[in-house]
Amino acid sequence: MIDARGSASAPVSGSISEVVAELVGEFGHRLRPALIMVTVSKCHRDLGGAPRAHPGQLERIARQRLRALDAHLPAGSHLRSGS
């Protein structure tokens, strides 16, 4: 995986990668995939970090955070897709 700085990071578990893929499909045209991955990873950590715990809750929390980021990031931000 690639982190927000474009560096390689540790692989994520199956449920996390599935949530990342779902949210990249939803937000990838507005936010960089690396930002989405980092956001999901932080949400996973906030939920206690269990490898397959709470995939539905993880997706909901990450989606809320990504919506907030999308609403508040300036149009020219380097965290936006195509910027």
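1. pLDDT is the predictor's confidence in each residue, from 0 to 100. This is a predicted model, in which local features need pLDDT of at least 70 and side-chain atom pairs count only at pLDDT 80 or more, while totals for chains, interfaces and linings use all residues. Residues are numbered from 1 along each chain as its sequence is written, and side-chain values use heavy atoms, with hydrogens and water left out.

2. Over residues 1–11 pLDDT stays under 50, and the model has 17 contacts (heavy atoms within 4.5 Å) beyond four places in sequence for this stretch. Where pLDDT is low, the predicted coordinates should not be read in detail.

3. For the protein, mean pLDDT is 83, with 78% of residues at 70 or more. Among its elements (helices, H or I, of at least four residues and strands, E, of at least two, taken as DSSP runs numbered from the N terminus), α2 has the highest mean, 95, and α1 the lowest, 92.

4. Helix α2 covers residues 33–46; at 1.5 Å a residue (times one less than the number of residues) its 14 residues should span 20 Å, and the end C-alpha atoms are 20 Å apart, which agrees. Just after α2, Gly-48 has a positive phi of about 110°.

5. Buried residues of α2 (under 20% relative accessible area, 1.4 Å probe, protein chains only) include Ile-36, Met-37, Val-40 and His-44. Their cover includes α1 (14–27) and α3 (55–72).

6. The axes of α1 and α2 (lines fitted to C-alpha atoms over the stretch in contact, angles from 0 to 180 degrees between N-to-C directions) lie 9 Å apart at about 135°. The contact involves residues including Val-20 and Phe-27 of α1 and Pro-33 and Met-37 of α2.

Definitions and conventions:
Buried < 20%, exposed > 50% of the residue type's maximum accessible area, 1.4 Å probe, protein only.
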